[in-house]
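Okay, everyone, let's get going. I'll put the structure up and talk through a few things I picked out.

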Amino acid sequence: MRIWIALHLPRLPLEVFCPRWSTDQCTVVLEQERVIALSDAAHDAGVREGLRRGGAIMLAPQSQFQQRSPPLEAEALQAVALALLQFTPQLAQAEEATLLLDVGASLRLFGGLRALCRKVADSVRALGFTGTLSCAPTARGAWLLARGNAGRALTMASLERRLRALPPGLLPPARPYLDWLEGIGCMTLGQLRRLPRPGLQRRCGRALLDMLDDAHGARPELHTWLQAPASFRAKMELFDRVENAEALLFGAHRLVLQLTGWLSARQLAVGRIQLLLEHERGRTACAPTVVEVALAEPTWQDGHLVRLLKERLAKQELQAPVIGLCLEAPQVQPMAPPSASLFPEPGGSKEDWQRLLELLAARLGPENVLQAAPSADYRPEHANTWLSIQTRLRPADVRAQLPPDMGSLPRPAWLLAKPIPLLMRDHRPYYGSPLRIRSTGERIEAGWWGAMQTRDYFMAQGEDHAHYWLFKERDSGVAQPETRWYLHGLFG
């Protein structure tokens with residue numbers, strides 16, 4: 001089943017036309033000397049859409065007037081289209097700020113048409129836009145339903161019923177002939193379709209009939225699909241100077257949504273992203289502040305990236321006010337499809353654990369979330385080091401550093417940072433109580449050039465039944481009054 005979603009953006013946000021506008025100032029956008037967009041302050045002053053420039057000046061003389069910018073509108077529409085590529089690779093741009101999505105192959109993946117429409121609407125809302133969403137079995141039919149705000153149709157029969165009641169003025173080829181159509185009593189698309197085709201073609205042209213046939217599925221439709229760029233770099237200007245880093249999360253979320261769509265279209269996963277915080281330009285300009293997020297496991301989902309950026313921005317100190325954001329993805333790799341196990345392990349998958357560790361590193365700092373890195377050394381103090389969780393360790397390198405199998409020799413769960421010398425009572429080591437040796441000795445003799453260690457390790461038990469890891473220094477040939485014992489670890 002082929003289903004199309006049409007998204008019509010009838011009114012773009014005011015920041016598309018003037019990114020640096022303030023919420024408390026009167027801002028008016030004009031096209032051919034008529035108002036097409038305005039701020040709340042201008043609306044409170046009495047300015048309305050469609051009003052001429054002179055009337056707007058009379059009602060709000062302090063207003064700042066901006067001319068409509070088609071390049072800025074096209075750039076904003078391109079950003080929305082890039083974000084929606086996460087739902088389908090078959091996305092085309094139609095007339096009058098409308099996007100067409102062929103979602104027939106995506107319904108099962110996103111849980112059905114209703115859930116998919118809800119996700120599309122949420123993404124558009126998160127980007128700061130409002131639009132009209134419609135569905136139909138044909139692309140032109142969905143376009144007409146979205147332009148007329150006529151709801152959704154899942155079958156051709158319901159689509160034809162909804163199209164019959166729409167006005168013919170929705171079709172661009174019919175607009176020059178609306179007076180003639182009204183004069184002959186043709187007020188709906190249903191009445192227009194019942195007119196004789198040869199006479200209608202001679203009077204209005206072939207384009208009108210082709211558009212009607214496209215909407216009713218009587219002619220194959222051809223589309224030019226949107227192609228994602230080879231590399232990702234998205235920018236946005238903020239509507240005001242921002243001095244708090246946490247307030248930048250909304251704009252960063254909009255850029256991450258575009259990144260998610262680009263990754264899905266290119267079948268890639270991102271391993272590292274960079275958010276550039278751009279400051280004031282001019283004589284006092286300073287270099288952008290770079291907020292870098294490195295991932296242990298590459299991802300293509302926006303939720304985890306937004307959480308990491310939220311933690312990083314909460315700790316970021318701004319050296320100057322921010323006027324713009326730029327998101328880059330310098331490290332990407334082919335997307336690995338998720339593997340669904342028949343019997344999933346409790347507590348989540350490996351990817352879930354990696355996301356948890358990344359979130360902890362973003363919140364606590366990478367220097368406070370560590371991982372064990374074994375070393376090829378028999379000395380307990382040097383057998384393991386702790387590295388940041390963001391340091392990549394190859395499993396093969398880790399296994400190569402492990403010592404050979406030592407049988408069932410005990411190792412404590414807690415190794416002290418520095419051995420503690422023990423008292424001797426009745427020729428036995430003493431730690432809170434006399435300690436009894438419970439194992440055979442393990443001799444460790446390693447180290448070079450002044451770091452030589454010659455020790456015999458034992459497991460001992462106290463009167464409280466706790467187990468300890470002790471060692472005694474081997475005899476060096478020099479007569480000593482008594483053997484010295486040290487506590488080096490505690491067993492669980």
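So, Tyr 457, Trp 469, Phe 471 and Tyr 486 are joined into a cluster by ring pairs. Keep in mind that this is a predicted model. Across the structure there are 8 aromatic pairs. Take Tyr 431 and Tyr 468: they're edge-to-face, 5.5 Å centre to centre, with 70 degrees between the planes. Tyr 431 sits in the loop between strands E16 and E17, while Tyr 468 is in strand E20, so to speak a link between distant parts of the chain, 37 residues apart. Is each partner buried or partly exposed? Tyr 431 is partly exposed at 36% relative accessibility, and Tyr 468 is buried at 8%.

Then there's Phe 458 with Trp 485, a tilted pair at 5.6 Å centre to centre and 50 degrees between the planes. Phe 458 is in strand E19 and Trp 485 in strand E21, so this pair ties together parts 27 residues apart in sequence. Both of those residues are buried.

Okay, cysteines. How many disulfides does the structure hold? It's 0. Why no bond for Cys 117? Its closest cysteine sulfur, in Cys 135, is 3.4 Å away, which is too far, because a disulfide needs the sulfurs within 2.5 Å. Cys 117 is buried, by the way, at 2% relative accessibility, whereas Cys 286 is partly exposed at 30%.

Last bit, helices. H6, residues 139–148, packs against H11, residues 206–215, at about 95 degrees, with the axes 6 Å apart, so the two are roughly perpendicular. On the H6 side you've got Arg 140, Gly 141 and Leu 144, meeting Met 211, Asp 214 and Ala 215 in H11. That contact splits into 3 nonpolar, 1 polar and 2 charged residues.

Conventions. Residues numbered from 1 in each chain as written. Predicted model: local features only at pLDDT ≥ 70, side-chain atom pairs only at ≥ 80, totals over all residues. Heavy atoms only, no water. Buried < 20%, exposed > 50% of the residue type's maximum accessible area, 1.4 Å probe, protein only. Axes fitted to C-alpha atoms, helices over the stretch in contact; angles between N-to-C directions. Helix = DSSP H or I, 4+ residues; strand = E, 2+ residues; numbered from the N terminus. Parallel < 35°, antiparallel > 145°, perpendicular 65-115°, else oblique. Contact = heavy atoms within 4.5 Å. Nonpolar A, V, L, I, M, F, W, Y, C, P; charged D, E, K, R; others polar. Phe/Tyr/Trp six-rings, centres within 6.5 Å; stacked < 30°, edge-to-face > 60°.
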